[in-house]
Amino acid sequence: MKLIPSEKIELTTAFTTAEIEKLLLENIREHKSYKVSYNKEDTKSGYFIGHVYPNGFSCKKFTYQRNSFLPQGTNVKINLKVDSFITIFLYLFITVIFCVFLVTLYMVTTKGSEPYIALIPLAILVIFTALPHIGFQLEKEHTIAELKRILTS
């Protein structure tokens, strides 16, 4: 099992590459800046934020997609990943909590501390290891459905 989830998907559509690029230009809005808040009005101008290039596109929803077109066909290859900022944060956070777990394990074995003390960082490790997988699975189906809607409309 991977620490940070990702998935590769391939969609086939009846549209030509030029038609797909046009559909994506209509549904992917320009990335302006990072926002902390979420505004429902933001999704009216496009479900995805990113850029469309002549030979591919990259866009973000809540998960990160890096995509490309086949030069002569209409297969769209999609790589769904968690945003790189989230990945870096989770790796750092899990490393710190793992170190805390090792310190509490040392305290339990050598200093005679109560054994339940080591369970607290262990529980945090389990929760923050499972959290990206749960969030990824919840958003993955919705993101795929929205991409299919765009590419088959």
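## Surroundings of Thr104

Thr104 touches Ile117, Ala118 and Pro121, leaving aside residues up to four places away in sequence. In this predicted model, Thr104 belongs to helix H2. Its relative accessible area is 9%, so Thr104 is classed as buried, the limit for that class being under 20%.

Ala118, one of the residues touched by Thr104, is also a member of a nonpolar core of six residues. That core is described further below, after the main one.

## Overall architecture

The protein chain contains three helices and six strands. Along the sequence these elements follow the order β-α-β-β-β-β-β-α-α.

Of the 153 residues in the protein chain, 36% are buried. Contacts between residues at least 6 apart in sequence include a 57% share that joins residues at least 24 apart. The chain exposes about 10000 Å², and carbon and sulfur atoms supply 65% of that area.

## Nonpolar cores

The largest nonpolar core comprises 20 residues. Within this core, the residues with the most contacts are Ile9, Leu11, Leu24, Ile28, Phe48, Ile78 and Leu80. Two or more residues each come from strand E1 (6-12), helix H1 (17-27), strand E4 (56-60), strand E6 (75-81) and helix H3 (119-152). Helix H3 gives the most to this core, contributing five residues.

Another core, of six residues, lies apart from the largest one. Its members include Ile94, Val108, Ala118 and Leu125.

## Aromatic pairs in helix H2

Three aromatic pairs are found in a search of the whole structure. In one of them, the ring centres of Phe89 and Phe93 are 5.9 Å apart and the ring planes meet at 20°, so this pair counts as stacked; the class requires planes under 30 degrees apart. Phe89 and Phe93 are four residues apart in helix H2 (residues 84-110), and about one helical turn therefore separates them. Phe89 has a relative accessible area of 43% and is partly exposed. Phe93, at 25%, is likewise partly exposed. Phe89 and Phe93 also form one aromatic cluster together with Phe128.

A further pair consists of Phe98 and Phe101, with ring centres 6.5 Å apart and planes at 40°. This pair is tilted because its angle falls neither under 30 degrees, as for stacked rings, nor over 60, as for edge-to-face rings. Both residues lie in helix H2, three residues apart, which is about one turn of the helix. Their burial classes can be stated separately: Phe98 is partly exposed at 42% relative accessibility, whereas Phe101 is buried at 15%.

## Nonpolar surface patch

Tyr116, Leu119, Leu122 and Val126 form a nonpolar patch on the surface. Together these four residues have about 390 Å² of accessible area.

Val126 is located in helix H3, the element that gives the most residues to the largest nonpolar core. With a relative accessible area of 52%, Val126 is exposed, since that class begins over 50%. Helix H3 thus holds an exposed member of the patch, Val126, and also contributes five residues to the largest core.

How values were computed: Residues are numbered from 1 along each chain as its sequence is written. This is a predicted model: local features need pLDDT of at least 70, side-chain atom pairs count only at pLDDT 80 or more; totals for chains, interfaces and linings use all residues. Side-chain values use heavy atoms; hydrogens and water are left out. A nonpolar core is a set of buried Ala, Val, Leu, Ile, Met, Phe, Trp, Tyr and Cys residues joined through side-chain atoms within 4.5 Å. Buried means under 20% relative accessible area, exposed over 50%, partly exposed in between (1.4 Å probe, protein chains only). Rings of Phe, Tyr and Trp (its six-membered ring) pair if their centres lie within 6.5 Å; planes under 30 degrees apart count as stacked, over 60 as edge-to-face and the rest as tilted. Patches are made of residues with over 30% relative accessible area and no salt bridge: like charges are joined within 9 Å, nonpolar side chains (Val, Leu, Ile, Met, Phe, Trp, Tyr) within 5 Å. Accessible areas come from the Shrake-Rupley method with a 1.4 Å probe; for residues, only the protein chains shown count as cover. A salt bridge is a side-chain nitrogen of Lys or Arg within 4 Å of a carboxyl oxygen of Asp or Glu. Contact means heavy atoms within 4.5 Å.
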